[in-house]
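Colleague: I am new to this one. Can we go through it by question and answer?

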Amino acid sequence: MVSIAVCDDELLECISISAKIRACMEEMGIPCCIERFYSGEELLKAIGRFDLIFLDILMEGMDGMETARRCRELAFENILIFLSSSRRYVFEAYDVEAFHYLVKPVDQEKLRQVLKRATEKERLLSQDYIVVSRERQKRKLFLDSVRYFEIKGRQIDVHQEKGIFTYYEQIGVLERQLGGKGFFRCHKSYLLNLKYVEVYNRQEAILDNGERIIIAKRRYEEFCQAILSYMRENGGIL
C-alpha cells in the first residue's frame, strides 16, 4: 500500500489532482491511500505517514517551497513532487531534492509516467539495505537481492543473481547489520538469506538456483528454528 499526500490550498484543485492520482494508481494496479491537505502547516504535522507527497508551490501562508524545506529538516527522505502553474521554481526544486515538477493543468498521461517511476523508486527506498565500503566509496547493498554472504577471512563475497560483489569487513560487523533481516549463519563461512532456501537437510541447504550451502552439524537445530520462524512471518506456514 502506497501512502500519498496531496497538499494544495485550493479545495477543488486538491480534490481534482487526488482523483487523477487515484485513477492512475488503479490503472497500474497499485493499492494506495490518499490524504488531502490544504496548507503546509497541516501537512507538516503528518508527514511521517507518507511515501509520496504532491505539493503545490503557490499557496497562501507557508508556500510549497518552504513546506518542502521544513519536510527535509524533519528528516522526510521520501518522494516530493511539486505542482505549479508556473515553471519559475523548477531550479529551486533541486535544492529540496524534488523527484519531479509537474506544471498545471496536469496531463493525465504525464502524471501516470511520473507515478510509475515514483512508485518504483519508493519500492527501492523501502527495501532493507546495508551500506558497505569498497575502494574508498560507499554503496547501498539491497539485501533482497543477496542469496548469501561468503566469508573468507576479512573478505566478504556477496552472491547475487547478477554476480559476485566483494568487499572487506569484519564478520561481527556484518552479522550485527543483518540482525532481524532474514539471514542465518549456517556455517562459519556462510550467512544465508532464508528467502532463497528451497530444500534443506542435515548437511546442506539447496537454493532456488540449485546452489548448495553447507549447514554445520552444530547449527542444524538452530537453522530449523530460524527457517520455520521466517516462514511463519512471511506467509509460508498458516
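**Rings, helices and cores**

Modeller: F91 is exposed, and Y94 is exposed as well. Keep in mind that this is a predicted model.

Colleague: What kind of aromatic pair do F91 and Y94 form?

Modeller: Both residues sit in helix 4, three residues apart, so about one helical turn separates them. Their ring centres are 6.5 Å apart. Planes under 30 degrees apart would count as stacked, and over 60 as edge-to-face. The angle here is 35°, and the pair is tilted.

Colleague: Which kind of pair do the rings of Y200 and F223 make?

Modeller: This pair links distant parts of the chain, 23 residues apart, with Y200 in strand 13 and F223 in helix 7. The ring centres are 5.2 Å apart. The planes meet at 80°, so the pair is edge-to-face.

Colleague: Is F223 buried or exposed?

Modeller: Its partner Y200 has 29% relative accessibility, so Y200 counts as partly exposed. Buried means under 20%. F223 has 0% relative accessibility, so F223 counts as buried.

Colleague: Which residue forms one aromatic cluster with Y200 and F223?

Modeller: The structure holds nine aromatic pairs. Y200 and F223 are one of the pairs, edge-to-face. The cluster they belong to has one further member, F184.

Colleague: How far does helix 7 reach from its first C-alpha to its last?

Modeller: Helix 7 covers residues 220-233, which is 14 residues. At 1.5 Å a residue, 20 Å is expected. The helix comes close to that, reaching 20 Å.

Colleague: Which residues of helix 7 are exposed on the other side from its buried ones?

Modeller: The buried residues are Y220, F223, C224, I227 and Y230. They cover an arc of only 135° around the axis, which puts them on the same side of helix 7. They pack against strand 11, strand 12, strand 13 and strand 14. On the other side, the exposed residues are Q225, R232 and E233.

Colleague: Within what arc do the buried residues of helix 3 fall?

Modeller: Helix 3 runs over residues 64-73, and its buried residues are G64, M65, T67, A68 and C71. Seen down the axis, they line one face of the helix, because they fall within an arc of 160°.

Colleague: Which elements help to cover that buried face?

Modeller: Look at what lies over the buried residues of helix 3. The cover includes two strands, strand 3 (52-56) and strand 4 (79-84). It also includes helix 2 (40-44) and helix 4 (90-95).

Colleague: Which residue has a side-chain oxygen within 3.3 Å of the backbone nitrogen of M65?

Modeller: Take both ends of helix 3. After the helix comes A75, whose phi is positive, near 70°. At the start, the residue reaching the backbone nitrogen of M65 is D63.

Colleague: Which element gives the most to the largest nonpolar core?

Modeller: That core has 24 residues, and F37, L43, I47, F50, I53, L55 and F82 touch the most other members. Strand 1, helix 2, strand 3, helix 3 and strand 4 each give two or more residues. With three residues, the one that gives the most is helix 3.

Colleague: How many residues are in the other core?

Modeller: It lies apart from the largest core. Among its members are I21, L83, L111 and A118. Its size is 22 residues.

Terms used: Residues numbered from 1 in each chain as written. Heavy atoms only, no water. Buried < 20%, exposed > 50% of the residue type's maximum accessible area, 1.4 Å probe, protein only. Helix = DSSP H or I, 4+ residues; strand = E, 2+ residues; numbered from the N terminus. Arc of directions from axis to C-beta. Contact = heavy atoms within 4.5 Å. Polar contact = N/O pair within 3.5 Å; in protein donor to acceptor, adjacent residues only side chain to side chain. Core = buried A, V, L, I, M, F, W, Y, C linked by side-chain atoms within 4.5 Å. Expected span 1.5 Å × (residues − 1). Phe/Tyr/Trp six-rings, centres within 6.5 Å; stacked < 30°, edge-to-face > 60°.
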